[in-house]
Structure formats: structure tokens, C-alpha cells
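Colleague: I have a model open and want to test the words used for it. Take me through them one at a time, please.

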Amino acid sequence: MYVSTRANYQKVTAAQAIAMGMVPEGGLFVPETIPALSLAELKPQMGKSYKEWACWILEKYLDDYTAEEIQNCIAQAYSPDNFDHPDIAPLVELDDHMFIMELWHGPTAAFKDMALQLTPYLLTTAIKKLAIEKKVVILVATSGDTGKAALEGFKDVPGTEIIVFYPAHGVSEVQKLQMVTTTGRNTHVVAVEGNFDDCQSALKEIFVDKELIAKLEAKGYQFSSANSINWGRLLPQIIYYFASYSNLVRDQRIAFGDVVNFVVPTGNFGNILAGWYAKEMGLPIGKLVCASNENKVLTDFFQTGRYDRKREFKQTNSPSMDILISSNLERFLYAMTGNDGAKVAKWMQELQTVGEFQVDAQTKTAIDACVCGGFANEDQTLETIHTCYEQHHYLLDTHTAVALKVYQDYQQSTHDDRVVIIDSTANPYKFVSSVYQAVNPLSEEEKTDDLQLLEQLQALSKMLVHRGLLDLDKKEVRHEACCARADIKNQITTILNL
Ligand SMILES: *Cc1c(COP(=O)(O)O)cnc(C)c1O
């Protein structure tokens, strides 16, 4: 069963948690207990395929789904049509201690596909199981990558409408083109004059807007979320932590039982939280290193125990991490306080009203035992891309470069020399202008648009452009709506004809 991080709601089943998206009173659904596995139980699983891992993990969490339902969802989500590598999330060896886990082999070239190819199946299965007669409206706030991945995942899925809000000036040209050219009968995309936090906060208010929800119900609709506040989005991310470890054992890069570290470029704290669930379940993980860009709210939090969002929002060259309110930290805090929903509710209230909160010493100690944080600025990000390309002829995107730089700093200060897996969250072509600039700086006159740069970078690096980024300029622009932050609610009522 699933409970609220703010101890303000009854227990629900997995299907209910996924169908609802978040707790209607505010708060996020978390599993009441985390399935724990001994090494003896884990060992025979080594070398299993990604889909086998997926089944094994989902069955432990989706208490009210049948094994057959789970297998169906997984077979559709992780098909060869959707992922172009047999390992789904392949590892690349940079040196014998350092591996890059490429999480961008799905249709939209970002790690969001790892979850969002599966979430729609989990959600529609939940709706069917619960005999909900309503049409589900998926609301998405995106800093760029979630939007396209959610659109592709939900496109033409019967019984759903999807509405995506993105910051008008906060996404790359490629990201924007990917979204506004999306096809499908049920897809809607709106640019917002504001940043990602504006989009996300507005949607969080809408999810608990009783008046709007009543209107919606009268029309036969119900809201849900494809952001990582939805458990159905977070859960699939646990799979690749197990699968990557298993692949290292299979390929004899580590011995079973060896402890490995993970470094995760972080925004909303969803990806790294999935890593924490894997660790808690018994996967031999040492440290989870939380890498941020200059919006380093989390780095400061892990250093001081004080979360302070009252600071200037910075637009950086790793835009998918330009976030000051990391929603999934709430789930982590719930666990770190020993499931103290009242405490978490108080902190979240303080975050909303005063813009900051401070955790107690005991919670801080629990956090320090598993997670640490660091950040990289924009120049360091570009330098890291440059050096990695020179040394390994491997192209990093800006987010993954932040992670590598933060790991290098971590390694220097701790001398922790365990094997490390760095989560690579985007294909380098998705952020081509920064990546190109890093490997081959252009003069002002030589600068050109992103679509030209895609070809130039391909010619230079001989690495093929990701299939999801081809021919973007030849596709029809189908979504041109733009609105102010205060107008988001109106957009929704207009689109749904409420
Ligand atoms: C979403 C995203 C992140 C941040 O992931 P969280 O789960 O929100 O922490 C990092 N890098 C890229 C490329 C992303 O799209």
C-alpha cells in the first residue's frame, strides 16, 4: 500500500496512487514499506535482461497489478522499436573504474524516456483496474525533456489528453522544436512566460484546486501527472540501477557484492531518489553523488541541512537542471525522518510560506550516510566536455558533464576509488550548441543555428545524430500557444472546454 509523505491521507493501492498522481491534500505517495532483498536473493538475478529486471522490480511494488498486466506493460514499453540498444541502458567504459550509463536510447534522446515509455501503460492499466470511467488529463510542467518524452509516451493513448507547459525562454531550440512539432490527437503544448518552477508550482496548485476539480469531474475528466511526483514515473527509474549493476557483473567488470557509487545529474531529485530506493532494497551502492549546476540549492542543502530557495534563478547550459524546488526531496526526507509525515508537512509548509526550512541533526546524519552533493558552473561544464572528448573521444551532453565534474571533485577530496557509474541523462546532440562550442569553439561569424550544428557535430565526431532529432526543421509546427504564469489555469479550461 501507499501512504502520503505528509500523513494527511488514507492508504491507497499502487493503482490508485498512480491514477491520482499526487495526494489531493498535498504530499506525495510513497510505498508504505520498501521491499528489502538479501545478497543471497539478489545473486541469482545477475545477468538478467532489462525486461526481466523490470518485471522483477515492478512486481515487488505494484501490489494490485497481476503479473500478466505487468509483463504486458513492460513488453510494450521496452520494445526494440522504442529503444535502439539491446541493453536498453547500455554502459560505456571510460576507464576501468568509471562507466557512463547511457539513459537516452529511447525515442526523445533524454533519460525521461526510461520512465515515460512505461508510465502511460501503468496508468491506463490502473484506470482499467479501478473501473474509472473518466478520461485522464495529464498535466506536465517541463524544463524541456519531460515534455517531449511525456508527449511521445501519451500520444494517441486512448482515454487520455496531455497538456504540457514549458518555460518560453528556458529550453533549447532543439527541445522546443521537438515539442511543438508533436503529432497526435490528444496532445497540447503551451509556452509559459516564466521559468520551470513557475510552471511546476502552478500545476501543483491546480492539482489541489477543489473548484476546478469539481468542474472537471462534471465533464468526465480527472487530472493526473506525468512528472516524477507520480509514483508511476519514479518506479521505472529504479530498474536501471539494478540492471546496470547486473551488467557490470555479467561483463566481469566487478565481482558480485562489490560496492559501486552512482553520480546523478539532478533537478527534481527523481532520478537520484530511484537510486536511493535501489540502495535501500539491498543493491550494493556506496554513495549517491547529487550533481547540480549553479542552481545549487541541493548542494547547499547537503552541506548545511538548510534548504533555501530564496535565491536568484539562473538559466544555465544544463537547462533540465535549472530548478530551485526539487519535488522528490520530499519523499527522501520522509524516509530520512523515519517516516515522520508531520515533520515533512511542517517543512514543506515552511518552504512554501517562508521559502526555506532546516532539518534536525538526526535527519541530517541519516542523509549524510548515503548522499552527498556538489556543483559545477557553466565554464567547468564546457571544459569537462572538451577534456572528455580529447581523452576518450566520447561526447558528453552538458548535464552528464556536470555529473562527471562533480564526481572528479568528489574523488579528489575523498579518495573514494570504488567503481563509479555516471548517469548520462541526455544525448549530446540534444544540447548541441553548448556541446559544439565545447569541442570546437566557433567565432561570432561562424555561429549558426542548432539544426546546422547537428550536422556539423556529426561530421566532426562521426557519432550519429539521435534518430529523435532528425529532420526537426521539416516537421510542421502544431503548437503555438503561449501564456503568462497567471493564465495557466485558463489555458487548461479552454483546452478542455470546461
Ligand atoms: C530531467 C533531467 C535531469 C534531472 O533529473 P531529475 O530526476 O529531475 O533530478 C537531468 N538531466 C536531464 C538531461 C534531464 O532531462
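Colleague: What makes up the protein chain in helices and strands?
Modeller: This is a predicted model. Its protein chain has 22 helices and 15 strands.

Colleague: Why is the chain called as compact as a globular protein of its length?
Modeller: Set the value against the globule rule. The radius of gyration is 21 Å, and the rule gives 23 Å for 498 residues. The two are close, so the chain counts as compact as a globular protein of that length. Along the principal axes, the C-alpha atoms fill a box of roughly 60 × 55 × 45 Å.

Colleague: How much of the chain counts as buried?
Modeller: Of the 498 residues, 60% count as buried. The cut-off is under 20% relative accessible area.

Colleague: What share of the contacts joins residues at least 24 apart in sequence?
Modeller: The share is 75%, taken among contacts between residues at least 6 apart.

Colleague: Why is V263 called buried?
Modeller: Its relative accessibility is 0%. Buried means under 20%. V263 therefore counts as buried. The residue lies in strand β9, residues 260-265.

Colleague: Which residues does V263 touch, leaving out those up to four places away in sequence?
Modeller: V263 touches V289, A291, A403, Y407, V420, I421, I422 and D423. Two of these, A403 and Y407, are also among the buried residues of α19. By contrast, T160 is 35 Å from V263, C-alpha to C-alpha, and 103 residues away in sequence.

Colleague: How do you know that the span of helix α19 is close to the expected one?
Modeller: Helix α19 covers residues 398-414, which is 17 residues. At 1.5 Å a residue, 24 Å is expected. From first C-alpha to last, α19 reaches 24 Å.

Colleague: Which residues of α19 are buried?
Modeller: T398, H399, T400, A401, V402, A403, L404, K405, V406, Y407 and Y410. Just after the helix, H415 takes a positive phi of about 55°.

Colleague: What makes α14 a mostly covered helix?
Modeller: Helix α14 spans residues 297-304, and 6 of its 8 residues are buried. These are V297, L298, T299, D300, F301 and F302.

Colleague: What covers the buried residues of α14?
Modeller: The cover includes strands β10 (285-292), β11 (306-308), β12 (356-358) and β13 (371-375). It also includes α15 and α17 (361-368). G305 follows α14, with a positive phi near 80°.

Colleague: Now the positive phi values outside glycine. Why is A7 called exposed?
Modeller: Its relative accessible area is 59%. Exposed means over 50%, so A7 qualifies. Its phi is near 50°, positive in a residue other than glycine. A7 lies in the loop between β1 (2-4) and α1 (14-20).

Colleague: Why is N339 called partly exposed?
Modeller: N339 has 41% relative accessibility. That falls between the 20% and 50% cut-offs, so N339 counts as partly exposed. Its phi is near 60°, again positive in a residue other than glycine. N339 lies in the loop between α15 and α16.

Colleague: On to empty space. What is the volume of the largest pocket?
Modeller: About 650 Å³. It is lined by 29 residues, and R6, S201, K204, I325 and Q352 are the closest to its centre. The elements giving two or more residues to the lining are α9 (196-207), α15 (329-336) and α16 (341-353). The most come from α9, with 6 residues. The lining divides into 11 nonpolar, 8 polar and 10 charged residues.

Colleague: How many cavities are there of 30 Å³ or more?
Modeller: The count is 4. A space is called a cavity when the 1.4 Å probe fits but cannot get out.

Colleague: What lines the largest cavity?
Modeller: The largest cavity has a volume of about 270 Å³. It has 24 lining residues, with F111, K112, G267, N268 and S320 the closest to its centre. At least two lining residues each come from α7 (145-154) and α13 (270-281). By class, the lining holds 8 nonpolar, 13 polar and 3 charged residues.

Colleague: Which residues line the second largest cavity?
Modeller: S143, P167, G170, N195, F196, F313, Q315, P319 and D322. Its volume is about 60 Å³. The lining divides into 4 nonpolar, 4 polar and 1 charged.

Methods: Residues numbered from 1 in each chain as written. Predicted model: local features only at pLDDT ≥ 70, side-chain atom pairs only at ≥ 80, totals over all residues. Heavy atoms only, no water. Helix = DSSP H or I, 4+ residues; strand = E, 2+ residues; numbered from the N terminus. Buried < 20%, exposed > 50% of the residue type's maximum accessible area, 1.4 Å probe, protein only. Contact = heavy atoms within 4.5 Å. 1 Å grid on protein atoms, 1.4 Å probe; cavity = no way out; pocket = protein on both sides within 12 Å on 5 of 7 lines; lining within 4 Å. Points joined across faces, edges and corners; volume = space filled by probe spheres on them. Nonpolar A, V, L, I, M, F, W, Y, C, P; charged D, E, K, R; others polar. Expected span 1.5 Å × (residues − 1). Rg over C-alpha atoms; globule rule 2.2 N^0.38 Å.
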